[in-house]
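Trainee: Can we go through this one together? I'd like to start with the overall picture and then look at details.

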Amino acid sequence: MTKVASVNQLLDDMAESLDRLALLQQRELNAIVDREHADIPAITSEKEKALAEVTRLDTLLSEHPDKDTLKEDPQLDTAVESIKQTLANIQHQNQVNERVVQSTLNSIDQLKQSILQSARKDSLTYNSKGKIR
């Protein structure tokens with residue numbers, strides 16, 4: 001028979017996993033801002049693993065035989081509220097990261113357009129009378 005982890009242990013593991021995810025999001029933002037784009041795929045991979053762990057723990061908690069104690073025990077209720085707050089912070093940070101990525105992509109697109117316009121100006125040709133073709 002498989003030993004079922006206690007609700008306390010699952011909550012502790014969930015809090016640790018969310019803290020790790022928050023740290024990874026901060027590393028991702030730093031990599032974007034510092035233009036260390038080569039680091040982003042590794043960070044993304046780690047984020048996916050951390051998110052999978054959070055999902056796994058959430059499933060274990062929702063199926064736990066003692067899950068009712070999460071609402072009945074004031075200490076556990078406090079832990080759950082702390083986890084919810086951490087999750088809300090992570091969701092907010094994710095939105096910030098998305099905006100930074102979008103802003104970076106927009107800046108790159110504007111730079112590309114400027115380069116293309118400049119290249120077009122440099123590639124003008126003239127006819128024998130000095131008129132632009």
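Mentor: Of the 133 residues of the protein, 21% count as buried. Keep in mind that this is a predicted model.

Trainee: How many helices and strands are there in the protein?

Mentor: Four helices and zero strands. Read from the N terminus, the order of elements is α-α-α-α.

Trainee: And what share of the contacts between residues at least 6 apart in sequence joins residues at least 24 apart?

Mentor: That share is 68%.

Trainee: Take helix 1 and helix 2. At what angle do their axes cross?

Mentor: At roughly 160°, and the axes come within 9 Å. Helix 1 covers residues 7-33 and helix 2 covers residues 40-63. An angle over 145 degrees counts as roughly antiparallel, and helix 1 and helix 2 are therefore roughly antiparallel to each other.

Trainee: Is the crossing left-handed or right-handed?

Mentor: The crossing of helix 1 and helix 2 is left-handed. The residues of their contact divide into 17 nonpolar, three polar and eight charged.

Trainee: Now the core. How many residues are in the largest nonpolar one?

Mentor: It has 16 residues. Those with the most contacts inside it are Val7, Leu11, Met14, Leu18, Leu61, Leu70 and Ile83. Helix 1, helix 2 and helix 4 (74-122) are the elements that give two or more residues to this core.

Trainee: Which of them gives the most?

Mentor: Helix 1, with seven residues.

Trainee: What does Ile83 touch, leaving out residues up to four places away in sequence?

Mentor: Leu11, Met14, Ala15 and Leu18.

Trainee: Different topic: Ala31. Where is it, and is it buried or exposed?

Mentor: Ala31 is in helix 1. Its relative accessible area is 3%, and under 20% counts as buried, so Ala31 is buried.

Trainee: Which residues does Ala31 touch, again without those up to four places away?

Mentor: Glu36, His37, Asp39, Ile40 and Ile43. Ile43 is twelve residues from Ala31 in sequence, with a C-alpha to C-alpha distance of 9.1 Å.

Trainee: Last one, Arg35. What is its phi?

Mentor: Near 60°, a positive value in a residue other than glycine. Most residues other than glycine have a negative phi.

Trainee: Where does Arg35 sit, and is it buried or exposed?

Mentor: Arg35 lies in the loop between helix 1 and helix 2. With a relative accessible area of 68%, Arg35 is exposed.

Conventions: Residues are numbered from 1 along each chain as its sequence is written. This is a predicted model: local features need pLDDT of at least 70, side-chain atom pairs count only at pLDDT 80 or more; totals for chains, interfaces and linings use all residues. Side-chain values use heavy atoms; hydrogens and water are left out. Axes are lines fitted to C-alpha atoms, for helices over the stretch in contact, and angles run from 0 to 180 degrees between N-to-C directions. Angles under 35 degrees count as roughly parallel, over 145 as roughly antiparallel, 65 to 115 as roughly perpendicular and the rest as oblique. A crossing is left-handed if the near helix is turned anticlockwise from the far one by less than a right angle, and right-handed if clockwise. Ala, Val, Leu, Ile, Met, Phe, Trp, Tyr, Cys and Pro count as nonpolar, Asp, Glu, Lys and Arg as charged, and the others, Gly among them, as polar. A nonpolar core is a set of buried Ala, Val, Leu, Ile, Met, Phe, Trp, Tyr and Cys residues joined through side-chain atoms within 4.5 Å. Buried means under 20% relative accessible area, exposed over 50%, partly exposed in between (1.4 Å probe, protein chains only). Contact means heavy atoms within 4.5 Å.
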